[in-house]
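Biologist: Could you take me through one part of this model closely, beginning with a single residue and working outwards to its surroundings? I would like one connected account rather than a list.

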Amino acid sequence: MAMSGGKDDGAPMMEMNTTPLIDVMLVLLIMFIITIPVATHSVNVNLPQATPPTNQPHVDPVKNKLILTQDGQILWNGSSITEGNLISLLQATKAMNPEPELQFQPDAYASYETANRLLKDITESKVTKFGFVGNENFATFGKAQ
């Protein structure tokens, strides 16, 4: 902190020293913050309980086919599912002994982003028997006719 001693000519110092005032204000601010009561009240909300889906898609013990359609619909052995259902179905197939094969068949015009998310879910579930179906349809993709 810098202090001003005034001038040598004996004139009184005209500026006010604000450092002690700022120190007092900071101490008061800290005291007020400490004395504020902690908000311990809570609001109870009754949320509805989740019910398991009644039409759970069938898990084949030999092979299961996962299809991604052009309009973004996900089909498991022909039944429409969501990405959340896919994760639970993949966990169910992983628990089976022997593990069934998973076949993935995206439509030619399916969303790349959705297909990438599905492949990420499949990879994270650590499915060991996995294959792509319908690759022969894209053998001439991008080639001049």
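Modeller: P106 lies in strand 4, and since the model is a predicted one, what follows describes computed geometry. P106 is classed as partly exposed because its relative accessible area is 24%, a value that falls between the 20% limit for buried and the 50% limit for exposed. Setting aside neighbours within four places in sequence, P106 is in contact with L68 and F138, and its C-alpha atom is separated by 9.4 Å from that of N135, which is 29 residues away along the chain.

P106 also belongs to the surroundings of the largest pocket, where P106, D107, A108, Y112 and F138 are the lining residues that lie nearest the centre. F138 therefore appears twice in this account, as a contact of P106 and as one of those residues nearest the pocket centre. The pocket has a volume of about 240 Å³ and a lining of 13 residues, which divide by class into ten nonpolar, two polar and one charged. Strand 4, residues 101-106, and helix 3, residues 112-124, each supply at least two residues of this lining, with helix 3 giving the most, namely four.

Within strand 4 there is also Q103, which counts as buried because its relative accessible area is 13%, under the 20% limit. Leaving out neighbours within four places in sequence, the contacts of Q103 are K63, N64, K65, L66, G131 and V133.

Turning from strand 4 to helix 3, we come to charged pairs. Side chains of opposite charge can pair when their charged atoms come close. E83 and R117 form a salt bridge in which the closest N and O atoms are 2.7 Å apart; this pair links distant parts of the chain, with E83 in helix 2 (residues 83-95) and R117 in helix 3, 34 residues apart. Both partners are partly exposed, E83 because its relative accessible area is 24% and R117 because its relative accessibility is 35%. R117 also meets E113 in a salt bridge, at 3.5 Å from N to O, and here the two residues both lie in helix 3, four residues apart, or about one turn of the helix. E113 counts as exposed, because its relative accessibility is 55%.

A further salt bridge in helix 3 joins K120 to E124, with the closest N and O atoms 3.2 Å apart, and these residues too are four apart, about one turn of the helix. Salt bridges that share partners join E83, E113 and R117 into one network.

Terms used
Residues numbered from 1 in each chain as written. Predicted model: local features only at pLDDT ≥ 70, side-chain atom pairs only at ≥ 80, totals over all residues. Heavy atoms only, no water. 1 Å grid on protein atoms, 1.4 Å probe; cavity = no way out; pocket = protein on both sides within 12 Å on 5 of 7 lines; lining within 4 Å. Points joined across faces, edges and corners; volume = space filled by probe spheres on them. Nonpolar A, V, L, I, M, F, W, Y, C, P; charged D, E, K, R; others polar. Buried < 20%, exposed > 50% of the residue type's maximum accessible area, 1.4 Å probe, protein only. Contact = heavy atoms within 4.5 Å. Salt bridge = Lys/Arg side-chain N within 4 Å of Asp/Glu carboxyl O.
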